[in-house]
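Welcome! Please take a look at the sequence and the model shown here, and then read on for a short tour.

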Number of protein chains: 2
Amino acid sequence: MGEQSGTRHRFVTPAEMQVEHLPWGPHEWLCRPGLTEASRLQLVRVRMPPGTGHAFHRHPSLEEVIYVIEGRAEQWVGRVRRDLGPGDIAHIPADEVHATYNAGDSTLVFLAILSPAASDGPAVVDVSREEPWASLRASTGGTP
Amino acid sequence: MGEQSGTRHRFVTPAEMQVEHLPWGPHEWLCRPGLTEASRLQLVRVRMPPGTGHAFHRHPSLEEVIYVIEGRAEQWVGRVRRDLGPGDIAHIPADEVHATYNAGDSTLVFLAILSPAASDGPAVVDVSREEPWASLRASTGGTP
């Protein structure tokens, strides 16, 4: 692995990236432990099909930034919704509940940036069946 | 500031971003302390004109990922050069010397992701006049 003396990549292109298949679209890992020498940074590019989303969840010990590359995102941070387009971001402090849905008719492509690169305890906690999150989209005009 | 109870933004679009003008192009800050509640993540989008670059430097206590959005980057990590296109990344462990130049005829647009969001001591140390960095590009066929 890697072009130089280390055992991990300094450069990651489609030839090196690691693809994970999740219900809300393929996740193309570009930076994480095992792929790079990541200590503080994780980077994954998500290709979210129309009609899908990653429902309300939180990362107890990971701070996150969402960066939209293509398409439209219905982005929630806490109880606040904003629709984001290419070049827009959302910042999600550690443990804050958030969700991302595809708000358009084409694939939504976005980067999820997480820090640090590893954590004790669960990386993700699903709260989508708990209130107020379970009924939040319906109560604000979104699809439940 | 901010759409919700806090004093910092959860969403950053061109209306909120902070632009810093440097010799190698405008830096559009999307996440950093003062703009968001950033603790572990900094994100800046750089628009680097043809013929310019950010010469060899290191961040003593910041880990970094470069993500190319548009154009071609001549990216150095240590003594290794790779030309990167849209969607490719470079991972730069803390304190590792690196440089980015525009390798094309159009504006190079890339994201620089840094962690943590603040650090003791200097954020950047310029080593571009020290060897081997001062003559590295010339010795490998690049423009000095």
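The report below goes from the pair of chains to the single chain and then to some local backbone features.

## How the two copies are arranged

A first thing to keep in mind is that this is a predicted model. Two copies of a chain are, in general, related by a rotation about an axis and a shift along it. Here, chain A is superposed on chain B by a rotation of 180° with 0.0 Å of shift along the axis, and the RMSD is 0.0 Å. The two copies are thus related as by a two-fold rotation axis. If you would like a landmark for that axis, take S115(A): in chain A, its C-alpha is the one nearest the axis, at 3.8 Å.

The interface fits this picture: 100% of the interface residues of chain A are also interface residues in chain B, so the copies meet through the same surface.

## Fold and dimensions of chain A

Chain A has 12 strands and 1 helix. Along the sequence, the strands come before the helix, in the pattern β-β-β-β-β-β-β-β-β-β-β-β-α. Of the contacts between residues at least 6 apart in sequence, 63% join residues at least 24 apart.

For the dimensions, the C-alpha trace spans about 55 × 35 × 25 Å along its principal axes. The radius of gyration of chain A is 16 Å, which agrees with the value near 15 Å for a compact globule of 144 residues.

## Surface and charge

How much of chain A counts as buried? The share is 49% of its 144 residues. The accessible surface of chain A is about 6100 Å², and carbon and sulfur atoms account for 49% of that area.

Chain A carries 13 positive and 18 negative charges, and the mean positions of the two sets are 1 Å apart.

## Backbone details worth a look

Two cis peptide bonds deserve a visit. One runs from S115(A), the axis landmark, to P116(A), with omega near 0°; P116(A) sits in the loop between β11 (108-115) and β12 (125-126). Another joins E131(A) and P132(A), with omega about 5°, and P132(A) belongs to the loop between β12 and α1 (133-139).

Then there is D95(A), which is not a glycine but has a positive phi of about 75°. D95(A) lies in the loop between β9 (89-92) and β10 (98-102) and counts as partly exposed, at 37% relative accessibility. In chain B, D95(B) also has a positive phi, near 75°, and is partly exposed with a relative accessible area of 38%.

Methods:
Residues numbered from 1 in each chain as written. Chains lettered and ligands numbered in written order. Predicted model: local features only at pLDDT ≥ 70, side-chain atom pairs only at ≥ 80, totals over all residues. Heavy atoms only, no water. Least-squares fit on C-alpha atoms with pLDDT ≥ 70 in both. Contact = heavy atoms within 4.5 Å. Helix = DSSP H or I, 4+ residues; strand = E, 2+ residues; numbered from the N terminus. Rg over C-alpha atoms; globule rule 2.2 N^0.38 Å. Buried < 20%, exposed > 50% of the residue type's maximum accessible area, 1.4 Å probe, protein only. Areas by Shrake-Rupley, 256 points an atom, 1.4 Å probe, with all protein chains shown as cover. Lys, Arg positive; Asp, Glu negative; His and termini not counted. Charge placed at Lys NZ, Arg CZ, Asp CG, Glu CD.
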